[in-house]
Amino acid sequence: MRTRLLGLVLVVFTGLFVVGCGSGTVPVSGTIALEDGTPIKSGDLELKQEGANLSALGHINDGKFTVYTYTEGDGCPPGKYTVTIMNADPPVNGTYSDPTTSELKIDVPSGGKTFELKVKK
């Protein structure tokens, strides 16, 4: 009986480990520009998932970005995110550099999404 219980516990923990280790990411990409339509030429994005300790990153190149969490281009898990922007050229409003002040929010659906982001200078 004890061996059976130990075996069952081992199976449950193994299942939880395998499920927890799956990436669960979906494709996320898009464009980013100032409100007047001027593309952000370069910079970095960080997506901080609300209510979780998870961040995803993206590099801005000629007004376009692709997000990654674990490996380049793998996207991020579905959910609500606050977006921060660093090292932008042209510069953007400083409120975007801090997740506690950034008003830029996105909701990543289970199928992934291509976003069109507009930000203040």
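Two residues are in contact here when their heavy atoms lie within 4.5 Å. With that in hand, welcome to this predicted model.

A good place to begin is serine 102, found in the loop between β5 (79-89) and β6 (105-108). Is serine 102 buried or exposed? Its relative accessibility is 4%, so serine 102 counts as buried, the cut-off for that label being under 20%. Setting aside neighbours within four places in sequence, serine 102 is in contact with Thr82, Val83, Thr84, Thr95 and Tyr96.

Next comes strand β1, which covers residues 28-34. Five of its seven residues are buried, and the strand is mostly covered. Which strands pair with β1? One is β7 (residues 113-119), in the parallel sense, over seven bridges. Here alanine 33 stands opposite lysine 118 of β7. Another is β4 (residues 64-68), which runs antiparallel to β1 and is joined to it by three bridges. In this pairing, threonine 31 of β1 faces lysine 64 of β4.

Now for the interior. The largest nonpolar core has 25 residues, and Ile32, Leu47, Ile85 and Val119 touch the most other members. Two or more residues each come from β1, β2 (42-49), β3 (55-61), β4, β5, β6 and β7. Of these elements, β5 gives the largest share, four residues. Leucine 47 shows what such a position looks like: leaving out residues up to four places away in sequence, leucine 47 touches Leu54, Ser55, Ala56, Val67, Cys76, Tyr81, Thr82, Val83 and Ile106.

Finally, there are the charged pairs. Side chains of opposite charge can pair when their charged atoms come close. How many salt bridges does a search of the whole structure find? The search finds two, and the table lists them.

| Lysine | Acidic partner | N to O distance |
|---|---|---|
| lysine 80 | aspartate 107 | 3.6 Å |
| lysine 120 | glutamate 103 | 4.0 Å |

In the pair of lysine 120 and glutamate 103, distant parts of the chain are linked: lysine 120 sits in the segment after β7 and glutamate 103 in the loop between β5 and β6, 17 residues apart. Lysine 120 is partly exposed at 38% relative accessibility, while glutamate 103, at 63%, counts as exposed.

The other salt bridge joins lysine 80 and aspartate 107. Because lysine 80 lies in strand β5 and aspartate 107 in strand β6, this pair ties together parts that are 27 residues apart in sequence. Lysine 80 is partly exposed, with 49% relative accessibility, and aspartate 107 is partly exposed too, with a relative accessible area of 42%.

Key. Residues are numbered from 1 along each chain as its sequence is written. This is a predicted model: local features need pLDDT of at least 70, side-chain atom pairs count only at pLDDT 80 or more; totals for chains, interfaces and linings use all residues. Side-chain values use heavy atoms; hydrogens and water are left out. Buried means under 20% relative accessible area, exposed over 50%, partly exposed in between (1.4 Å probe, protein chains only). Two strands pair if DSSP finds at least two bridges between them. A nonpolar core is a set of buried Ala, Val, Leu, Ile, Met, Phe, Trp, Tyr and Cys residues joined through side-chain atoms within 4.5 Å. A salt bridge is a side-chain nitrogen of Lys or Arg within 4 Å of a carboxyl oxygen of Asp or Glu.
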